[in-house]
Amino acid sequence: MTDRMTGTKAEWLSEWKRAAVARGWSDAEVEHRAGLTDKYLSRLRCGDIGEPTAATIAKINRALDIEVKISALDSVSGV
């Protein structure tokens with residue numbers, strides 16, 4: 001996974017699972033802490049829900065205390 005806020009659904013799910021397991025949390029606990037509906041992560045995994053929105057990614061990341069580092073481009077041409 002890169003340090004950008006972009007990534008595939010599979011990459012985010014993998015990262016969220018790793019972080020939840022490290023804390024001993026179930027999907028239900030993560031969903032509760034993130035303010036999501038029951039079974040959201042399960043529905044996301046099985047494809048009932050498409051890609052998570054940026055707001056949902058941010059909620060889950062906050063719930064799991066995942067920090068996303070945002071960096072500027074090294075150089076910008078024409079500026």
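Q: Buried means under 20% relative accessible area, exposed over 50% and partly exposed in between (1.4 Å probe, protein chains only); at what relative accessibility does isoleucine 60 count as buried?
A: This is a predicted model, in which local features need pLDDT of at least 70 and side-chain atom pairs count only at pLDDT 80 or more, whereas totals for chains, interfaces and linings use all residues. Residues are numbered from 1 along each chain as its sequence is written, and side-chain values use heavy atoms, with hydrogens and water left out. The place of isoleucine 60 is in helix α4, helices being DSSP runs of H or I with at least four residues, and strands runs of E with at least two, numbered from the N terminus. Isoleucine 60 counts as buried because its relative accessibility is 0%.

Q: In what order do the elements of the chain run from the N terminus on?
A: The chain has 4 helices and 0 strands, and 28% of its 79 residues count as buried. Starting at the N terminus, the order of the elements is α-α-α-α.

Q: How far apart in space are isoleucine 60 and valine 30, C-alpha to C-alpha?
A: Isoleucine 60 touches Trp16, Val30, Ala34, Leu36, Tyr40 and Leu41, when residues up to four places away in sequence are not counted; contact here means heavy atoms within 4.5 Å. In sequence, isoleucine 60 and valine 30 are 30 residues apart, and yet in space their C-alpha separation is 7.1 Å.

Q: What percentage of contacts between residues at least 6 apart in sequence joins residues at least 24 apart?
A: Alanine 34 and lysine 59 offer a pair for scale, since they are 25 residues apart in sequence and 5.2 Å apart in space, C-alpha to C-alpha. Over the chain, with contacts between residues at least 6 apart in sequence taken into account, the share that joins residues at least 24 apart is 62%.

Q: Which helix supplies the largest share of the largest nonpolar core?
A: A nonpolar core is a set of buried Ala, Val, Leu, Ile, Met, Phe, Trp, Tyr and Cys residues joined through side-chain atoms within 4.5 Å. The largest such core has 17 residues, of which Trp16, Val30, Tyr40, Leu41, Leu44, Ile60 and Leu64 touch the most other members. Each of α1, α2 (27–34), α3 (40–46) and α4 gives at least two residues to this core. The largest share, 5 residues, comes from α1.

Q: Which residues does leucine 41 touch, not counting those up to four places away in sequence?
A: Leucine 41 is one of the residues that touch the most other members of the largest nonpolar core. With residues up to four places away left out, the partners of leucine 41 are Leu13, Trp16, Asp27, Val30, Glu31 and Ile60.

Q: What is the angle between the planes of tryptophan 12 and tryptophan 16?
A: The structure holds 1 aromatic pair, a term for rings of Phe, Tyr and Trp (its six-membered ring) whose centres lie within 6.5 Å, with planes under 30 degrees apart counted as stacked, over 60 as edge-to-face and the rest as tilted. Both partners lie in helix α1 (residues 9–23), 4 residues apart or about one turn of the helix; tryptophan 12 counts as buried at 3% relative accessibility, and tryptophan 16 is likewise buried at 3%. The pair formed by tryptophan 12 and tryptophan 16 is stacked, with 5.6 Å from centre to centre and an angle between the planes of 25°.

Q: Which side chain does a polar contact of 2.8 Å join to that of asparagine 61?
A: Asparagine 61 has its place in helix α4 (residues 54–63) and is buried, because its relative accessible area is 3%. Beyond its neighbours within four places in sequence, asparagine 61 is in contact with Trp12, Trp16, Ile66 and Val68. A polar contact is a pair of N or O atoms within 3.5 Å, one able to donate a hydrogen and the other to accept it within protein, where residues adjacent in sequence count only if both atoms are side-chain atoms. At 2.8 Å, the side chain joined to that of asparagine 61 is the one of tryptophan 16.

Q: Where is lysine 39, a residue with a positive phi although it is not a glycine, found?
A: Most residues other than glycine have a negative phi. Lysine 39 departs from this with a phi of about 65°, and at 57% relative accessibility it counts as exposed. Lysine 39 is found in the loop between α2 and α3.
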